[in-house]
Amino acid sequence: MSLIVIIMLIVIIILLTVYNMSIHKKVESFKNLNQKVTALNILQEFMDTIGEYTTVNEKMNKINEILVERYQIKYSTIVVYDGAQYVVKASNVDQKHWDTLSHLQSEELFQDSIQTAIPKYVTVENENERLSYQKMEFGRAKSAMFFPLYDDNVYIGYWLIEGSVPHEFDNIDTTILEVIRNNIVSILRTVTNQNIIENTVRDDKYSGLKTAEYLYGEGRKIIDSHDSSTVCLFMITNLEKINEEISRKTGDAIITKVCEVVKENLSDEYVFVRYMGPKFAIIFSGIETNAVANFLAGIKKQIEDIEIEPVDVEFEDAQDEVAKPSINIVITTYYKGTALDGVMKKLEEYLDNADQKESSINYL
């Protein structure tokens, strides 16, 4: 009888063991699923940030805020190599410490992490110590995790999180942090092209205006403060003729005068740029197309009344000539969140394909 009891107990133990293993697998599966859901939620917040905010700096700062808030991280800093030096792209650390934070790639402490792409955890044992990379600070951070950032096996920078007490990250879930690191790289890859555009914005010499790239950075911030706006592209249709038949400097003088006329009549809340060559763009933020018709008609008349004496002309036959600009205008509506570059391309194609003698206000 006792043998039967023993056998039954053994069977029960085996069944319980199998059951426990099954439960453990389900718990692990749930944890993995939960991690994936959490990562997806954060990634969705990141992507929402890309659409909601205009400039690269705004986007990176907001992403860093999300990391700090969602994970109760005391300090978070994202540093990226810009081709010349390592730059703090986002941080909630006082700016006086940024110089130190932007040179961590030179610290021997993190060299193995950079070479192996494996995160580095450092901490102190008591409140009286400081982390070795800290130069002027003693009480701010007592523990840190260094995450090297790689894009297609190319080292592009690092993400550093810091805590205010020793051993703060001893039990942190590094799996989630690895996912976040990958998300940060994805976001950096997404905003790289925009960053290039923002850095190529220049002030045009003759018009005194920002170049077209301004539209897709700082200018976009102004434009997208409204749900819809009127986009106007106009072209000095006879600029090339003036350059060839009179002189290039006369054409430059025409550009300068045309822009002076527009700027004198244009509100500061509207965006005015030299788009390309003889083309200029005005974005009437928050204004409907029918509301700008009279304004554009008046501007067109003032521009075409301009007369410029020949500049730097070497041939006698042109001495009595006067340069008078002629412009062709096309306008349409832009809606917040849609492709501004697509709208601009549509207007540019119209002007490029229009008869060079056309001089009117066209609605698309």
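This report describes the sheet, the cavity and a handful of individual residues of the structure shown above, which is a predicted model.

**The sheet**

The strands considered here belong to an open sheet of six strands with mixed pairing, in which the order runs β6-β8-β9-β7-β10-β11. The edges of this sheet are taken by β6 (210-211) and β11 (361-363), and because each of them has a single partner strand, one side of each is left without a neighbour in the sheet.

Strand β7, which spans residues 228-236, has eight of its nine residues buried, so it is largely enclosed by the rest of the structure. On one hand, β7 pairs with strand β10 (residues 327-335) in the antiparallel sense over nine bridges, and within this pairing Ile-236 has Ile-327 of β10 as its bridge partner. On the other hand, β7 pairs with strand β9 (residues 279-285), again in the antiparallel sense, over seven bridges, and here Thr-230 is matched with Phe-284 of β9 as its bridge partner.

Strand β10 also takes part in a parallel pairing, since three bridges join β10 to β11, a statement that rests on the bridges found under the rule that two strands pair if there are at least two of them. One of the residues concerned is Val-330, whose bridge partner in β11 is Asn-362.

**The cavity**

How many cavities of 30 Å³ or more does the structure hold? There is one cavity that reaches this volume, and the volume of the largest cavity is about 30 Å³. Its lining consists of Phe-234, Val-262, Ile-282, Leu-296, Ile-299, Ile-303, Ile-327 and Ile-329. When these lining residues are sorted by class, eight are nonpolar, while no polar and no charged residues are found in the lining of the largest cavity.

Helix α9 (293-304) and strand β10 each supply at least two residues of this lining, and α9 gives the most to the lining of the largest cavity, with three residues. Ile-327, which is among the lining residues, is also the residue of β10 that serves as bridge partner of Ile-236.

**Cysteines and the helix α8**

The structure holds zero disulfides. Two cysteines can nevertheless be placed with respect to the surface: Cys-232 is buried, with a relative accessible area of 0%, and Cys-259 likewise counts as buried at 0% relative accessibility.

Helix α8 covers residues 248-265, and Ile-254 has its place there. Ile-254 counts as buried because its relative accessibility is 0%. The C-alpha atom of Ile-254 is separated by 7.9 Å from that of Lys-324, although the two residues are 70 residues apart along the chain.

**Ser-91 and Gln-115**

Ser-91 is found in strand β2 (residues 86-91) and is buried, with a relative accessible area of 14%. A polar contact of 2.8 Å joins its side chain to the side chain of Thr-77, and the side chain of Ser-91 also reaches the backbone nitrogen of Val-93 at 3.0 Å.

Is Gln-115 buried or exposed? Gln-115 counts as exposed, because its relative accessibility is 63% and the cut-off for that class is over 50%. Gln-115 lies in helix α4, which comprises residues 111-116, and its C-alpha atom is separated by 8.9 Å from that of Pro-148, a residue 33 residues apart from it along the chain.

**Two residues with positive phi**

The table sets out two residues that have a positive phi although neither is a glycine.

| Residue | Phi | Loop | Relative accessible area |
|---|---|---|---|
| Ala-117 | about 65° | between α4 and β3 (120-123) | 28% |
| His-167 | about 60° | between β5 (154-163) and α5 (174-199) | 31% |

Ala-117 is partly exposed, with a relative accessible area of 28%, and it lies in the loop between α4 and β3. His-167 is partly exposed as well, with a relative accessible area of 31%, and its place is in the loop between β5 and α5.

Conventions: Residues numbered from 1 in each chain as written. Predicted model: local features only at pLDDT ≥ 70, side-chain atom pairs only at ≥ 80, totals over all residues. Heavy atoms only, no water. Helix = DSSP H or I, 4+ residues; strand = E, 2+ residues; numbered from the N terminus. Buried < 20%, exposed > 50% of the residue type's maximum accessible area, 1.4 Å probe, protein only. Disulfide = S-S within 2.5 Å. 1 Å grid on protein atoms, 1.4 Å probe; cavity = no way out; pocket = protein on both sides within 12 Å on 5 of 7 lines; lining within 4 Å. Points joined across faces, edges and corners; volume = space filled by probe spheres on them. Nonpolar A, V, L, I, M, F, W, Y, C, P; charged D, E, K, R; others polar. Polar contact = N/O pair within 3.5 Å; in protein donor to acceptor, adjacent residues only side chain to side chain.
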